[in-house]
Amino acid sequence: MLSDTNLTVVVLGLGYIGLPTAAIIARTGAQVLGVDVTESVVETVNSGRVHIEEVDLDGLVSGVVARGTLRASTAIEPADVFVIAVPTPFDADHAPNIGYVLDAATTIASVLKAGDTIILESTSPVGTTEKVRDLLASLRPDLRVPGKTGDQADIAIAYCPERVLPGRILVELIDNDRVIGGITPRCARKALTFYRRFVRGACVTTTARAAEMTKLTENAFRDVNIAFANELSLIADTMGVDVWEVIRLANRHPRVNILQPGPGVGGHCIAVDPWFLVHAAPDQTPLIRTAREVNDGKTDHVIAQVAALVEASPGATVACLGLAFKANIDDFRESPALKVAEAVARQFGDRVRIVEPYAQTLPTVLAETGATLIDVDTAIETCSIMIVLVDHDVFKSIPLEERADKAVLDTRGIWPDQPRASGLPVNATARLESQRLAG
Ligand code: SAJ
């Protein structure tokens, strides 16, 4: 890994990817400025603290801020390298919204100079990096942009998607292989030099369009495979078979590797990015679209299962275990657990208790439903129905004797030993004793 303490870097967007990336680059000795539109984020970072939960990030940020290699601001400054790590959400019709990327490029244009490198990391529809190039060309006609003027260009522009897993971001930012797509091969080589400062994994160069599609492909692959597992869980319910056992057994085949069913797919990537492909090629994406629908449909299916369970036990209190989109993180974006909890709380109000060790208060959507936030011990003491929505370690460790008499809907398969009642979906592992529960 190379180091050059004279290098100046601006990272635009201090979120789940931008802040860890900025901190890791700052650790190499480069002078890093993190730019964010939210004043409170800038203040938090400048005081050496973090606004997001991620393993070891707090120590790293406080260290580089104390050393003076990381600062934050709402205003951009000139730099050698600009890294764009802003959100790319989708609109109501699933059309990708690259407005924040184009805003970031506009901001960069105001300080851009010959010799600079611009790297887009945000998950983006194919062609976005070229749009950034075109925007910069129109805003800065004094600079020669790549791919428009033969081999000669004053700036380099590349696309390099992140592929880190929340909870392992600092490790994976360094160890994962990176795909670096240049507008031209020269742009790719320029970006490669930058990533070699802090990436231990292989850095593979390609075109910007191929790199953009690679990122979308990775997440669509995962979504389609989770949809397969979720579809299996519905089939297994119909057949009266334990889906987790079937998957465990099928995975003993040397070339079968089925993922896990759950209450649906959440997070800001896998539940979102496949739509970028569907939107761009609607006639060529029946499989990817169906996978999205299967995974979203699984959430509706779980909501109906929970409603049936709660309705069958008048007066019983129900604990929803978890709101996060996956285990052991505090991220609730696109979370199927949150959607289930919200639907159940809207229907059953103050009979609903929420257990989420990663939340200090209830999210707004739950705040006025009558549901309350309690800890796991109180849930064990007071709730006769338990809905497992997230496989947090703290839930996995609840022994059978503390839950044997509960009616359980385990959407994550964390309690394979839970006794179950006849008449309920086998994969709900639910034990329904409505008379006693009602009492
Ligand atoms: N899930 C299942 N069953 C599984 C695996 C996951 O239901 O077998 C669910 C999770 O519970 C969660 C959702 O899918 O709701 C997504 O979780 P995840 O762990 O698959 O992915 P993310 O969103 O945390 O991170 C993903 C990763 N992408 C891939 O694995 C292809 C990560 O490497 C990417 O960097 C990240 O998306 C991103 O930013 O795109």
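Here are four short exercises on this predicted model, each with a worked solution.

**Exercise 1. Confidence**

Task: Find where pLDDT stays under 50, and decide how to read that stretch.

Solution: Start with the overall picture: the average pLDDT of the protein is 93, and 94% of the residues score at least 70. Next, look for the exception, which is the stretch 429–439, where pLDDT stays under 50. The model still gives these residues 38 contacts beyond four places in sequence. Finally, apply a general caution: where pLDDT is low, predicted coordinates should not be read in detail.

**Exercise 2. The sheet of 8 strands**

Task: Work out the strand order of the open sheet with 8 strands, and explain why β3 and β8 each have one side without a neighbour.

Solution: Trace the sheet across, and you get β3-β2-β1-β4-β5-β6-β7-β8, with mixed pairing. The ends of that order are β3 (70–73) and β8 (203–207); each has a single partner strand, so one side of each lacks a neighbour in the sheet. Ignoring direction, neighbouring strands here are turned by 25 degrees against each other on average.

Now zoom in on one end. Strand β7 (residues 178–182) runs parallel to β8 and is joined to it by 5 bridges. Within this pair, arginine 178 sits opposite cysteine 203 of β8. Then add the helix: α7 (residues 185–195) lies across six strands, β1, β4, β5, β6, β7 and β8, and runs at about 145 degrees to β7.

**Exercise 3. The sheet of 5 strands**

Task: Do the same for the open sheet of 5 strands, and find the helix that lies across β9, β12 and β13.

Solution: The order is β11-β10-β9-β12-β13, and the pairing is parallel. At the edges stand β11 (372–373) and β13 (407–410), each with a single partner strand, so each has one side with no neighbour in the sheet. Further in, β9 (residues 318–321) pairs with β12 (residues 385–388) over 4 bridges, and valine 318 faces isoleucine 385 of β12. The helix you want is α11 (residues 286–311), which runs at about 180 degrees to β13.

**Exercise 4. The ligand**

Task: Describe the surroundings of the ligand, then list polar pairs and the covered area.

Solution: Begin with the neighbours: 20 residues surround the ligand, and the closest are Val164, Lys215, Arg222, Gln260 and Phe325. Then go through some polar pairs:

- The side chain of asparagine 219 has an N or O atom 2.7 Å from a ligand oxygen.
- Glutamine 260 places a backbone N or O atom 2.7 Å from a ligand nitrogen.
- Arginine 412 has a polar side-chain atom 2.8 Å from a ligand oxygen.

To finish, check the cover: of the 750 Å² of accessible area that the ligand has on its own, the protein covers 89%.

Notes:
Residues are numbered from 1 along each chain as its sequence is written. This is a predicted model: local features need pLDDT of at least 70, side-chain atom pairs count only at pLDDT 80 or more; totals for chains, interfaces and linings use all residues. Side-chain values use heavy atoms; hydrogens and water are left out. pLDDT is the predictor's confidence in each residue, from 0 to 100. Contact means heavy atoms within 4.5 Å. Two strands pair if DSSP finds at least two bridges between them. Helices (H or I, at least four residues) and strands (E, at least two) are DSSP runs, numbered from the N terminus. Axes are lines fitted to C-alpha atoms, for helices over the stretch in contact, and angles run from 0 to 180 degrees between N-to-C directions. A residue is near a molecule or strand if one of its heavy atoms lies within 4 Å of it. A polar contact is a pair of N or O atoms within 3.5 Å; within protein, one must be able to donate a hydrogen and the other to accept it, and residues adjacent in sequence count only if both atoms are side-chain atoms. Accessible areas come from the Shrake-Rupley method with a 1.4 Å probe; for residues, only the protein chains shown count as cover.
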